[in-house]
Structures are given as structure tokens and as C-alpha cells.
Amino acid sequence: MIDGPYFVLTVLGVLGTGLVAGVFYAFSSFVMKGLAALPPAQGVSAMQAINVAAVTAAFMAVFTGSAVLCAVIAVVTFVLWPDGGTAELLIGSALYLFGSFGVTIAANVPRNDALAKLEPGTREAASFWPGYVREWTAWNHVRTVASAGAALSYLLALT
């Protein structure tokens, strides 16, 4: 069984990845649907504001802190190779690092950057908006499942 500081790291991994999964789930289940229901100019403007507001110390500490924590858990797992939970710890780390953090960098942030360059009331923004919502939300589903899977994997490692 996992114990000591390793136990604490794993519990923090469950909490961090679980919190991030919850944020992403909220966006997938109702925030993006609500924004998509708005006229394009309002949806673009609202999402631009959300993207700026999301970069807060509180959210970034949990989001990037969880990535660092997952990397630490993976390294410690490779070094210590515990008797139990090894596969779950490595799977949890990979899910979060690649499926959540990596997808954010590779898929969601570039779309956010493209959206930030648009003027909300323009024809260009109106034509960009439906594809943005569809693609951003699809990638957000991936992030949601990966983050939740990471939390579950870490939780299974503790049992």
C-alpha cells in the first residue's frame, strides 16, 4: 500500500485532477451550450472575457500545479516502483499530462488565441464562432474525460 509522503502526493493528485475535471465538465455540460445559444457577437465577446478571466492564480495553481504533481508522481513511481498501484499511478499521470494539460496546449489554447484576435461584431467572427464552439467543446470533452480518468486512476492506486 502507498504510504507516507507518497500517499500525500497521490491524494493531492486525486484532488487536483478531480477539481480540473469538474471545471472542464461544467464547460462541456452547460457553459458552452449557453454560449452557443447566444448571437455570435455576444458568444464571441463572452468567451473572450472568460478566456481572460480564466487565467487567475487560483485556477492556474490547480491546473498547472496538477501537471507538475502528475509529473512528480510519474518520476517517483519510476524511481521507487511501489509494490501496489504502479500501473494506476502511471496511467493517471499520463492521462492528465497528455489528455488534459497537453490537449489544452495543443488544441484549446490555439483556438482561444485565434478567437482573441477577432472583433465580436464582425462577419469573420460570426463565421468563425460555430466551428470554434464545436471544435473547442470536442477537445474539452477529451480534457474532461482525461482529467476524471486521472483522478480515478490515482484513487484506485490508493486502494
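**Residues 6–28.** I started with residues 6–28 of this predicted model. I found the stretch to be 100% helix and 0% strand, and its end C-alpha atoms sit 32 Å apart. I then checked the UniProt record, an unreviewed entry, and saw that it lists 6–28 under "transmembrane region", along with 49–81 and 87–109.

**Residues 49–81.** Next I looked up the second of those listed spans, residues 49–81. Here I noted 88% helix and 0% strand, with 45 Å between the end C-alpha atoms.

**Leu12.** Back towards the start of the chain, I picked out Leu12, which belongs to helix α1 (residues 4–37). Is Leu12 buried, exposed or partly exposed? I read a relative accessible area of 43%, so Leu12 counts as partly exposed, a class that runs between 20% and 50%. I also noticed that Leu12 joins Phe7, Val8 and Leu15 in a nonpolar surface patch of about 340 Å².

**Asn108.** My last stop was Asn108, in helix α4 (residues 86–116). Its relative accessible area is 0%, and because the cut-off for buried is under 20%, I wrote Asn108 down as buried. What does Asn108 touch, leaving aside its neighbours within four places in sequence? I listed Val103, Trp136, Trp139, Asn140 and Arg143. For Trp136 I could add a detail: its backbone oxygen lies 3.3 Å from a polar atom of the Asn108 side chain. I also jotted down that the record's span 87–109 takes in position 108.

Notes:
Residues numbered from 1 in each chain as written. Predicted model: local features only at pLDDT ≥ 70, side-chain atom pairs only at ≥ 80, totals over all residues. Heavy atoms only, no water. Helix = DSSP H or I, 4+ residues; strand = E, 2+ residues; numbered from the N terminus. Buried < 20%, exposed > 50% of the residue type's maximum accessible area, 1.4 Å probe, protein only. Polar contact = N/O pair within 3.5 Å; in protein donor to acceptor, adjacent residues only side chain to side chain. Contact = heavy atoms within 4.5 Å. UniProt positions renumbered as here; feature names shortened; annotations may be inferred. Patch = residues over 30% accessible without salt bridge, like charges linked within 9 Å, V, L, I, M, F, W, Y side chains within 5 Å. Areas by Shrake-Rupley, 256 points an atom, 1.4 Å probe, with all protein chains shown as cover. Salt bridge = Lys/Arg side-chain N within 4 Å of Asp/Glu carboxyl O.
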